[in-house]
Amino acid sequence: MAPSRGPQSLARTLHATLDKHKGPVHVARYARGSAKYILTGGQDRSVRLWNPATGVEIKTYAGHGYEVLSITVAHDNVKFASSGGDRSVFIWDVATATTVRRLSGHIGKINAVEFNEDASVVASGSFDSTVRLWDLRAQSRQAIQTLADARDAIQTLYVGGTYLMSGSVDGHVRTYDLRKGELSSDYLGHPVTSLVPTHDAQTVLAATLDSHVRLMDLHTGKMLNDFTAHANESYRCRATFGHAEASVICGDENGQVWAWDLLDAKPLSPNPPPKVHEKVITWVEHHPTEPGEMITASADGTVKVWKA
């Protein structure tokens with residue numbers, strides 16, 4: 001059989017419902033590598049570790065005094081970082097469930113936290129409009145760099161090998177070349193709530209609060225494709241790529257998970273998709289290697305694991 005050229009159909013069969021959080025769940029991340037575990041964070045100030053295959057909660061990470069808004073997992077799964085209303089970045093040891101350090105300096109809640117490739121540096125983006133970079137190998141607890149170009153809250157971050165991207169409520173995607181010290185900025189006209197680049201770092205998927213997800217050329221800022229039909233005007237609803245980057249996925253404020261063909265931007269069937277959460281879907285993440293698995297997190301207090 002010739003290989004299929006189009007995207008695979010989305011994982012839409014409910015496999016497990018993870019419902020131990022009290023209140024909205026803001027983020028759900030797969031572990032790295034074969035991704036046997038997921039980490040979730042929510043309004044109840046907890047981070048929880050789950051086995052998505054069985055739906056069993058393995059561990060709770062308690063330490064935050066306020067809601068958890070962001071999680072990033074290190075390349076080796078030994079540690080993760082979390083952030084939220086505390087205005088500090090928490091670095092955790094996965095096995096012992098203890099915080100190994102807390103990084104303070106922001107003067108507003110931290111909406112986004114991301115490790116670099118080897119987890120030697122962590123970047124944080126805040127309601128205070130700044131992005132801060134922290135060197136985890138240094139003894140100092142001070143940020144090594146503060147990027148203060150945004151005019152409003154930072155909602156999303158991505159840290160590449162030589163570059164960093166931030167998305168702000170001010171409508172700009174800012175790309176910092178960390179080697180050259182150069183900044184390029186693209187204005188999308190509406191608050192930017194998520195940024196996910198392709199593996200080749202040529203294009204980036206940007207979600208904005210005008211119910212659009214745009215595929216942009218990372219180097220020129222040119223829009224290559226535009227994905228619409230979903231409802232997203234008030235909340236951070238993360239958009240991401242499906243398996244092998246052949247499709248685009250985004251949950252919306254009506255509790256529906258939309259998927260589009262990457263190339264022609266047409267919604268995949270079923271169109272419209274069924275309502276699968278009672279409230280806004282805050283996060284969607286596809287399994288990094290398995291073609292038929294993804295997770296969704298929602299303000300309804302649940303995380304759902306989906307299989308093809």
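Trainee: Taking this as a predicted model, how much space lies in the largest cavity?

Mentor: The model is a predicted one, and the count of cavities of 30 Å³ or more comes to one. The space that lies in the largest cavity is about 40 Å³.

Trainee: Which elements give two or more residues to the lining of that largest cavity?

Mentor: The lining consists of Met165, Val173, Thr175, Asp186, Val204, Ala206, Met216, Asp217 and Leu218. When these residues are set against the secondary structure, the elements that supply two or more of them are β16 (172–177), β19 (203–208) and β20 (212–217).

Trainee: Thr203 is in strand β19 as well; is Thr203 buried or exposed?

Mentor: Leaving aside neighbours within four places in sequence, Thr203 is in contact with Pro197, Thr198, Leu215, Met216, Asp217, Leu218 and Leu224. Of these contacts, Met216, Asp217 and Leu218 are also named in the lining of the largest cavity. The relative accessible area of Thr203 is 14%, and because the limit for this class is under 20%, Thr203 counts as buried.

Trainee: Turning to the open spaces, which residues are the closest to the centre of the largest pocket?

Mentor: About 1,100 Å³ of space lies in the largest pocket. Two or more lining residues come from each of β2, β6, β10 (110–115), β14 (154–159), β18 (192–197), β22 and β25. The lining has 43 residues, and those closest to the centre of the pocket are Arg29, Tyr158, Val196, His199 and Arg238.

Trainee: Tyr158 is on that list, so to speak of its ring, what kind of aromatic pair do Tyr158 and Tyr163 form?

Mentor: A pair of aromatic rings is described by the distance of the centres and the angle of the planes. A search of the whole structure finds six aromatic pairs. For Tyr158 and Tyr163 the values are 6.0 Å centre to centre and 35 degrees between the planes, and because stacked requires under 30 degrees and edge-to-face over 60, this pair is classed as tilted.

Trainee: How do the two rings stand in burial, and which class does Tyr158 fall into?

Mentor: Tyr163, at 13% relative accessibility, counts as buried. Tyr158 has a relative accessible area of 30%, and because this value falls between the limits of 20% and 50%, Tyr158 is partly exposed.

Trainee: Arg238 is another residue close to the pocket centre; with which residue does Arg238 form a salt bridge at 3.2 Å?

Mentor: Arg238 sits in the loop between β21 (223–227) and β22 (239–241), and the pair links distant parts of the chain, 47 residues apart, with the partner in strand β25 (residues 281–286). Arg238 is buried at 10% relative accessibility, and the partner is buried as well, with a relative accessible area of 9%. The closest N and O atoms are 3.2 Å apart, and the partner is Glu285.

Trainee: Which residues are linked with these two in a network of salt bridges?

Mentor: The whole structure holds nine salt bridges, including the one between Arg238 and Glu285. That bridge is part of a network whose other two members are Arg29 and Glu114.

Trainee: Arg137 and Asp135 also meet in a salt bridge; which of the two counts as exposed?

Mentor: The N to O distance in this bridge is 3.6 Å. Asp135, at 18% relative accessibility, counts as buried. Because 61% relative accessibility lies over the 50% limit, the residue that counts as exposed is Arg137.

Trainee: As for the nonpolar interior, which element gives the most residues to the largest nonpolar core?

Mentor: This core has 25 residues, and those with the most contacts inside it are Leu39, Tyr61, Ile71 and Phe80. At least two residues come from each of several strands, among them β1 (13–18), β3 (38–42), β8 (88–93) and β27 (303–307). The greatest contribution, four residues, comes from β2.

Trainee: Phe80 has been named there; which residues form one aromatic cluster with Phe80?

Mentor: Leaving aside neighbours within four places in sequence, the contacts of Phe80 include Leu39, Tyr61, Ile71, Phe90, Trp92 and Phe115. Phe90 and Trp92 are both buried, and their rings form a stacked pair, 6.1 Å centre to centre with 20 degrees between the planes. The cluster joins Phe80 with Tyr61, Phe90 and Trp92.

How values were computed:
Residues are numbered from 1 along each chain as its sequence is written. This is a predicted model: local features need pLDDT of at least 70, side-chain atom pairs count only at pLDDT 80 or more; totals for chains, interfaces and linings use all residues. Side-chain values use heavy atoms; hydrogens and water are left out. A salt bridge is a side-chain nitrogen of Lys or Arg within 4 Å of a carboxyl oxygen of Asp or Glu. Buried means under 20% relative accessible area, exposed over 50%, partly exposed in between (1.4 Å probe, protein chains only). A nonpolar core is a set of buried Ala, Val, Leu, Ile, Met, Phe, Trp, Tyr and Cys residues joined through side-chain atoms within 4.5 Å. Contact means heavy atoms within 4.5 Å. Rings of Phe, Tyr and Trp (its six-membered ring) pair if their centres lie within 6.5 Å; planes under 30 degrees apart count as stacked, over 60 as edge-to-face and the rest as tilted. On a 1 Å grid over the protein atoms alone, a cavity is a set of points where a 1.4 Å probe fits but cannot get out, and a pocket is an open set with protein on both sides within 12 Å along at least five of seven lines; lining residues have an atom within 4 Å of a point. Grid points are joined across faces, edges and corners, and a volume is the space filled by probe spheres set on the points.
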